[in-house]
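Reader: I would like a close look at one part of this model. Please keep to plain terms and explain them as they come up.

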Amino acid sequence: MGKTIINILGAGRSGTTMLDLILGSDNESFSMGEVCAWFRPFREHHFTIDCNCGNPKCKYWLALKGVDESKFYTHAFTKWNVKYIIDSSKNLSWMIDGHSWAKKQNIEVINFIIYKPIIDYIFSIWKRGESVDAALYRYKLYYKRFFESGIDAYAVNFDELVNNTDTMLDVITDITKQPKVENRHQFWVKEHHHLFGSGGTRNQAKEGESKIKTKESFPEEFVKQIPDFKNRIERDKQLSRILLKLEQIDVKEKNRQPNHGIRKPLWYYYLKIHNRFKTKFPSSSKTKF
Ligand SMILES: [Zn+2]
């Protein structure tokens, strides 16, 4: 039986959890959520099994407890008996390592990178009380590092995914070869066992709120700042380059150039160590470095 890991990449607050759950919504697929946080915890709550099903002793995750991260894919496919595993960890050093583990274990890897139109992304950060600078910084940093990593991924525009959901899912599942199930976008129907990820989307999966979240309407206070944001965006050459490159690898682009050869830029080591160091703060004497 062929085995495929489907990675969902993207800056935080870009719909990664939603796409993860949608692709995990058939009987051959398992949506894992942000599994990297479990193996490489960086917040206190990552030390416990935070499964969407609410059971702290969830059998799916208990079955994998103590498995070395490099062997984890093989174990997961065997224990869960599925063909597709979806991972929305997003962490790029985890993804880089995952590609080499998968290769050794003869597992196929397919990557999608989701991105929000920049004004929508700024809004999702702004409404949480953070500045436009913080939003632009994070957006550019994530996608810039993605391109530096050499990971080959199909870009998915969040707007298109929520507005033309069926068409987009058809294109995506043509690539993954997952079964064509009706109403795949109704990710809340299936009981998922995914870890961490976007709180809002997880609640939706739990409570079965039956509607895919479309574009949010902006409040007046945000709307009046949009011309100023647009001005800044237009002058930002680095951002324009990133957006252009994302368009070039769009999932619908017929002549897309695959990205070959994964690299380990300096930040790869930083992201890896950063997570490890952060494991220190629950003051566990067992933590080894
Ligand atoms: Zn569970």
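Which residues are the protein donors of the zinc ion?

Author: This is a predicted model, in which local features need pLDDT of at least 70 and side-chain atom pairs count only at pLDDT 80 or more, while totals for chains, interfaces and linings use all residues. Residues are numbered from 1 along each chain as its sequence is written, and side-chain values use heavy atoms, with hydrogens and water left out.

The zinc ion has as its protein donors C51 through SG, C53 through SG, C58 through SG and H193 through ND1. These donors lie 2.1 to 2.3 Å from the zinc ion. A donor here is an N, O or S atom within 2.8 Å of the metal (3.2 Å for Na, K and Ca); water is not among the atoms, so sites may look incomplete.

Along the sequence, the spacing of the donor residues is C-x1-C-x4-C-x134-H. One x1 stretch therefore separates C51 from C53, an x4 stretch separates C53 from C58, and an x134 stretch leads on to H193.The angles that the four donor atoms subtend around the zinc ion are 103 to 119 degrees, which makes the arrangement tetrahedral. Four donors count as tetrahedral if all angles lie between 85 and 135 degrees.

Key
Four donors count as tetrahedral if all angles lie between 85 and 135 degrees; four count as square planar and six as octahedral if opposite donors are over 155 degrees apart and all others between 65 and 115; anything else is irregular.
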